[in-house]
Structures are given as C-alpha cells and as structure tokens.
Amino acid sequence: MLYTTTEIQLKGIPLSPGVAWGRACFYSEATPFLALGHREAVDEAGRLHETLTWMVKRLEALAQEAEAKLDSGMADVFRMQRMILEDPNLQQRLFAFIEHQGLDAERAVERQLEQYQIQLQALETEYLRQRAADIAEIKQGLLDHLRRATPFLRCKDVAHCEMGECRLKNDHIVIASQLTAHLLIEADGQVKGFLVEKGGGHSHAAILARALGLPVIGGIQHPHQTIPPDTEILINGDTGKVILNPSAKTRHRRTRQVQPKPPRIGPIPELQVMVNIDTPADLQEALTVAAEGIGLYRTETEILMKGRLLTETEQEARYTEVVKAMAGRPVYIRLLDLGADKAAPWLRLPPEENPALGCRGARLLLSHPEILKDQARALARASIHGPIHVIYPMLTDRDQFHKLRALFDSALAGLPSETLLHGIMFEIPSACLQAGQLFQEIDFGCIGTNDLVQYLFAADRTNNHTGYNALLNHPVLWELIQELAKTAQATAKPLSLCGEVGGNVHFTQKIIAAGIQVVSANPKQVFAVRQAAQRVILKN
Ligand code: PEP
Ligand code: MG
C-alpha cells in the first residue's frame, strides 16, 4: 500500500529523541545499475574527468562536514585525500592509461592507484602506510562512482540529489533500511531526522545519533515501498510517532510539543554524573554541563569514521587534549573496542559467521598487539598531563586481563608515564561472575549495560525483535548490578555505570537503589539525570 496525501499516523520505535519535520528522502544502498551498452557509448576520458571532478568536490564537502560535526583532524584526512587526487602527475598517468593503452576508466583507476599503493606500502613507514590506506579509499570512491554504485539520496528523482547535497534545498527526513554511523556523519544540515526499518536503540549508530542530537525512529516496515518520495513527514523521536502529510495545524501543534528542558543543575552529592564522549570535539558540551569527568571515551568511534587507525602521535594529541580540558577531573579512556557492529573492514580480518561472539574487543586486541601497542604508548604519553583510567573492553575473565595488562606494560618499555589506572568493562556475564577476583587486581570497574543485557539474555542489541528494551527492567539484570556494586564496595574500588541506561531517567531510581554512585551519560542527558536523582533522594 502506498500512503498518499491524507494525514496518516504510523508508530515506530523511538531510537533517538527530538521532534523533526522534513520531506521524505530515500537513502539507497550502493547498487550498480549502469548498463554495459550505455557504458560503451560513453567517452572513457570524459567519464574519468567527470568522476575526478565529482570526487574532489565530495572530499571537500566531507571535510567541511567533519569539521562541523567532529573535529578538524578528521577534516584533514579528507583534504589530504583531495590533494592526492589533484596531483597533476597522478591525473596525467590515469589519462595516459586510457589514451595510450586503450583501458576503460575503471581499469585505469585500478591500475594506477594500485601501483601507487604498492609503492607506498613498500616504503614501510607508519605515515606512508596510512597514506596507502587513503589511496585505497580514493580508489574505491572513484570506482563506485564510475560504476554508479555510490549510495545516494533521492527526494524526487535520482537526478536531484547526491549524498550531502539536495538540489531542491528541502529539509529532509532520510528513510533508510538501516541506520549506520556513516549515514549519520554524511548527513548534511538539511537532514533533520531519520526513519529506518532496522536497528535497535542500543546500537552504536543510535548512540551516535543521540550524541549528534538527530531524532531517529526505527521499526517502520517497508518505507521504501509505502512512502512516496517528497512526502512531508513529522517524526517524534521521544514517542516513536510518525505523521505523514501532517496538516498545517498538526505540524504547528506537534513541533511545539517538545519535551520541556530540565533546569541546568550542577553537580549534586546524590549521584556523580560523568559523560560519554566520542572525540575531543565533545569536550565543549561536557564542560558546559559541568560533567564530573569523562566516564567513557569511545576511542573506536573516530577511527571507524575515518576508516583507518590513528597513529600514536595522533592518539596522544587527542588524549592529552581531553586530560588537559578536564583539569583534574577523572578521565576514563577505553582501549579500542572493535568488532561486531563496530566492524572495521579495512583491518581485513577473516570473515566470521557470528561476529557478536567473535574476535572483538579484548580478543581482537590480544590477537593484534600492534594496535594495542600504539594506543598504550599514546595513553602513557598523555598521562604526563594528568591521571588516566584505562578501560579494557569486552573482557571475559581474569586471565584475559592478565594477558592484556602484560601486553600494555611491555608496550611502554622505556617510556616515561605518570598515573595510569587499569580497569575493565563489566559487560560479559563471565567477568561479572568473576568480579570478586577481578576487583582484587583491577583499579576500577565500569558496567556496560548495553552489551551486558545483550550477552546476559542472548538478545541482540541491534535487533528490534529481541525484546531488548523490556529486558532492561529484568530483575536478573538489577540483581547482577547490585552484586557488582557490593563487590566493588567490599574491595573499595570505584565502580561506574556507563551504558545507555545511565542517561535514561526512567532507570535513575533503580541505579541508585542498586548501590551505584557514579554514572556516565550522553552530555545531553546530564541535567535530566541530576534532576531525576534529586527527586529519587527526596522521595526516600
Ligand atoms: C556498553 O556496552 O554498555 C558500553 C558502554 O559500551 P558500548 O555501547 O560502546 O558497547
Ligand atoms: Mg559495550
């Protein structure tokens, strides 16, 4: 059924809060569709020229978006790729393959950029290896465009839009089968919100959407088939309500029905509230809400966006910036937590049948000590500016902690460092069951409820059909959290809770009742959490 022009209400699953209005704009995954006959008729040099011009423009647009949304370090990567692409020597060689060897544009790109990559890889310095990864990205971008396999946005017809550029200048509600971090980061200022088919509120992409303040609703069935392009859409990411073709009256009423903002409340004695960040660009917001520390710095987010690892120096710069900005308040930085829905295909790890139970988090670090080494050294260097709590992700048991800790320490050989504290995420049931022994050795613990619920109840956090949200209230979860709090207290070790429930005011009472005294939440939730905590204490 196609929803036509009358006002229609749909109910979805709220994934990221906020009210937004815009016109339906469809995100299509990459699907090559250029017919072969058509391709032969086109001049290959012309195709290459058009593609190079498009790619240069796109890289600059990405750089500007990255600057606005994350940080200038990420923008530099796109600008560096643009410089490589604009190199006259490179372009000359590309065209020579077409003109003198009769290759088509795709093959010219493959040949020339692969040669370039091999030359760089052979030079074997870290910096140049990273440039080789840039070449791989450029090559893929050019090939996708030549094959018309690039994902695109469509509000009326394909000709009107490309990612990040709406020629109709509409405000958009983007409709996609799945919410991804890339889609979020590429969305331009005209994208006001998202409607998606798949995706849970505890997926990493949903967490990022909340951090970016973009409303998202999931669980909308077959939107590509049922919602005509350009339909006006009103979404409420707090309730999951979607209104298609809203009348002027409805639109006016709903857009004004925004949740009242909680008062600005500074630190309170009842509950210490730290914040979760993805990059140093989030520090400003952390300081604005008077965060009592950085409770979780997800260091993997930025590298997933960039599609490459950061060098030791780049990492050191970021960690130092965070430590300095927090000026003595606690800083918890997590070792790279890669794998499953934080997959880094560019690491070229062997494919897995079941990545959520595969080589991820601590396991991935153990199998790739070189990744851990760079990060450990960067953390040690940054610790000169202030103490750092190092969080070990996805830890299963004591033995794994010993192995990771030994690798961490051996990476530091000869490096001066100051206070580095070592703790773990409690997000896998086996680690929780061994908490008594683990707390004898670790300096602190962090409860990651997002994954803990997933593994405790075998309920995929990215799937809307596992009843994940209801499980957040399950008594087994709260008994386990209470046990962890008791164990931490008995060993006098700090314990915080940094999963999404930490920022959800519906759980503040349960958190305090379980004996948790420190949470870490999205900066946008800090005032509301403090307000909820004050109410809980008043009631008791
Ligand atoms: C968690 O699992 O609760 C957590 C905080 O880590 P992440 O959401 O990054 O997996
Ligand atoms: Mg986790």
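This report describes strand pairing, a metal site, nonpolar cores and model confidence in a predicted structure.

Residues are numbered from 1 along each chain as its sequence is written, and chains are lettered from A and ligands numbered from 1 in the order in which they are written. In this predicted model local features need pLDDT of at least 70, side-chain atom pairs count only at pLDDT 80 or more, and totals for chains, interfaces and linings use all residues, while side-chain values use heavy atoms, with hydrogens and water left out.

**Confidence**

The protein chain has an average pLDDT (the predictor's confidence in each residue, from 0 to 100) of 87, and 88% of the residues score at least 70. Residues 31–41 fall below 50, although this stretch has 17 contacts (heavy atoms within 4.5 Å) in the model beyond near neighbours in sequence. Where pLDDT is low, the predicted coordinates should not be read in detail.

**Strands**

Helices (H or I, at least four residues) and strands (E, at least two) are DSSP runs numbered from the N terminus; two strands pair if DSSP finds at least two bridges between them. The table lists pairings that run parallel.

| Strands | Bridges | Bridge partners |
|---|---|---|
| 16 (residues 420–426) and 17 | four | Met425 and Cys446 |
| 17 and 18 (residues 495–497) | three | Gly445 and Leu495 |
| 12 (residues 272–277) and 19 | four | Met274 and Ser520 |

In strand 17 (residues 444–447), Phe444 and Cys446 point one way and Gly445 and Ile447 the other, all being buried (under 20% relative accessible area, with exposed over 50% and partly exposed in between; 1.4 Å probe, protein chains only). Strand 19 (residues 518–521) has Val518 and Ser520 pointing one way, Val519 and Ala521 the other way, and all are buried. In a regular strand the side chains alternate between the two faces of the sheet.

**Magnesium site**

Glu427 (OE) and Asp451 (OD) are the protein donors of the magnesium ion (ligand 2), at 2.0 to 2.2 Å from it. Donors are N, O and S atoms within 2.8 Å of the metal (3.2 Å for Na, K and Ca); water is not among the atoms, so sites may look incomplete. The pair links distant parts of the chain, 24 residues apart: Glu427 lies in the loop between strand 16 and helix 17 (429–433), and Asp451 in helix 19 (residues 449–456). Both Glu427 and Asp451 are buried.

**Nonpolar cores**

A nonpolar core is a set of buried Ala, Val, Leu, Ile, Met, Phe, Trp, Tyr and Cys residues joined through side-chain atoms within 4.5 Å. The largest has 83 residues, and Ile294, Phe408 and Phe426 have the most contacts inside it. A second, separate core of 29 residues includes Met55, Val56, Leu62 and Ala108.
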